[in-house]
Amino acid sequence: MVRAAALGLAALALFPTLALAHGPTRQKVTETVEINAPADKVWAVVGNFQDMSWHPAVAKLAGNGGNDANATRTLTLTSGGTIDEKLIQSDPDKKLYKYEIAKVDPKVLPVNNYSSTLSVKGEGDKSTVEWKGAFYRGFMNNDPPPELSDEAAVKAVKGVYRGGLDALKQKVEAGG
């Protein structure tokens, strides 16, 4: 009986340490931009999964499957890295699509298990584009190096979203 109590106390003493050893937590990022154009005009630019010419970080896109579920695309970035993505759902009536990253080198984008939604909502001659994603950091174990930490992953994804949304606004409002 004394031995069982001692083991129980030892287990309780270790519990706080075990609670800290759970690994990474899912991170979320949402960025939006308001565009002075109707939603249909904005969707015409962003709604094609096989065209990201509006994003300044994308140098080239190769894909297949169009806008059907399970369509794929490979983005070649201006930095030279590549990202393989898969379309989960496209709903032109709601002006949104959902996709996930199938393969990326964490040196290119420091994330794992990334999924995202891009949507356009409009009211009259104004639209709001929302780009949101959820992901884990690039290093899935405890004690990540700084470049693969939660902070690095969030900063990188925010940068991708912000750069794309700002360029999209500029392109659409300039008549593109």
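This is a short selection-by-selection tour of a predicted model.

**Stop 1: the whole chain**

Start with everything shown as a cartoon and coloured by secondary structure. You should find three helices and seven strands. Following the chain along its sequence, the pattern reads α-β-α-β-β-β-β-β-β-α. If you switch on a surface, the accessible area of the chain comes to about 10000 Å², and carbon and sulfur atoms account for 54% of that area. Of the 176 residues in the chain, 36% are buried. For anyone who likes contact maps: among contacts with a separation of 6 or more, 52% are between residues 24 or more positions apart.

**Stop 2: the sheet**

Now hide the helices and keep the strands. They form an open sheet of seven strands, with antiparallel pairing and the order E1-E7-E6-E5-E4-E3-E2. Select 27-35 and 58-64 to highlight strands E1 and E2, which stand at the edges. Each has a single partner strand, so one side of each is left without a neighbour in the sheet. Look along the sheet, too: on average, neighbouring strands are turned by 20 degrees against each other, direction ignored.

**Stop 3: strand by strand**

Begin at the E1 edge. E1 runs antiparallel to E7, and nine bridges join the two. Pick Glu34 and you will see Thr128 of E7 opposite.

Next, select 126-137 for E7 and 111-123 for E6. These antiparallel strands are joined by eleven bridges. Within this pair, Ser116 stands opposite Gly133, and the bridge partner of Val111 is Arg137. How many residues lie between E6 and E7 in their hairpin? There are two, and Gly124 in the turn has a positive phi of about 65 degrees.

Add 96-104 to bring in E5. E5 and E6 also run antiparallel, with five bridges between them, and Tyr97 faces Leu118 of E6. Here the hairpin connection passes through six residues.

Then move along to E3, residues 72-77, which pairs with E4 in the antiparallel sense over five bridges. One pair to click on is Thr76 and Thr82, the latter in E4.

**Stop 4: helices on the sheet**

Bring the helices back and select 39-46, which is H2. H2 lies across E1, E5, E6 and E7, running at about 150 degrees to E6. Select 150-173 next for H3, which packs on the sheet and touches E1, E6 and E7. The direction of H3 makes about 15 degrees with that of E1.

Return to H2 and show its side chains. Which residues of H2 are buried? They are Ala39, Val42, Trp43, Val45 and Val46. Turn the view to look down the axis of H2: these buried residues fall within an arc of 160 degrees, so they line one face of the helix. The general reason is a familiar one: an α-helix has 3.6 residues a turn, so residues three or four places apart point the same way. On the other side of H2, Asp40 and Ala44 are exposed. To see what covers the buried residues, display E1, E5, E6, E7 and H3, which are included in that cover.

**Stop 5: Glu85**

Zoom in on Glu85, which sits in strand E4, residues 82-91. Is Glu85 buried or exposed? Its relative accessible area is 5%, so it is buried, since the cut-off for buried is under 20%. Show Arg73 as sticks as well: a polar contact of 2.6 Å joins the side chains of Glu85 and Arg73. Leaving aside residues up to four places away in sequence, Glu85 touches Phe49, Ala71, Thr72, Arg73, Leu75, Tyr99, Glu100, Ile101 and Ala102.

**Stop 6: Lys121**

Finish on Lys121, in strand E6. With a relative accessible area of 58%, Lys121 is exposed, because exposed means over 50%. Which residues does Lys121 touch, not counting those up to four places away in sequence? They are Ala39, Lys126, Ser127 and Thr128. For a last distance check, pick the C-alpha atoms of Lys121 and Trp43: they are separated by 9.1 Å, although these residues are 78 residues apart along the chain.

Technical notes:
Residues are numbered from 1 along each chain as its sequence is written. This is a predicted model: local features need pLDDT of at least 70, side-chain atom pairs count only at pLDDT 80 or more; totals for chains, interfaces and linings use all residues. Side-chain values use heavy atoms; hydrogens and water are left out. Helices (H or I, at least four residues) and strands (E, at least two) are DSSP runs, numbered from the N terminus. Buried means under 20% relative accessible area, exposed over 50%, partly exposed in between (1.4 Å probe, protein chains only). A polar contact is a pair of N or O atoms within 3.5 Å; within protein, one must be able to donate a hydrogen and the other to accept it, and residues adjacent in sequence count only if both atoms are side-chain atoms. Contact means heavy atoms within 4.5 Å. Two strands pair if DSSP finds at least two bridges between them. Axes are lines fitted to C-alpha atoms, for helices over the stretch in contact, and angles run from 0 to 180 degrees between N-to-C directions. Accessible areas come from the Shrake-Rupley method with a 1.4 Å probe; for residues, only the protein chains shown count as cover. The arc is that of the directions from the helix axis to the C-beta atoms.
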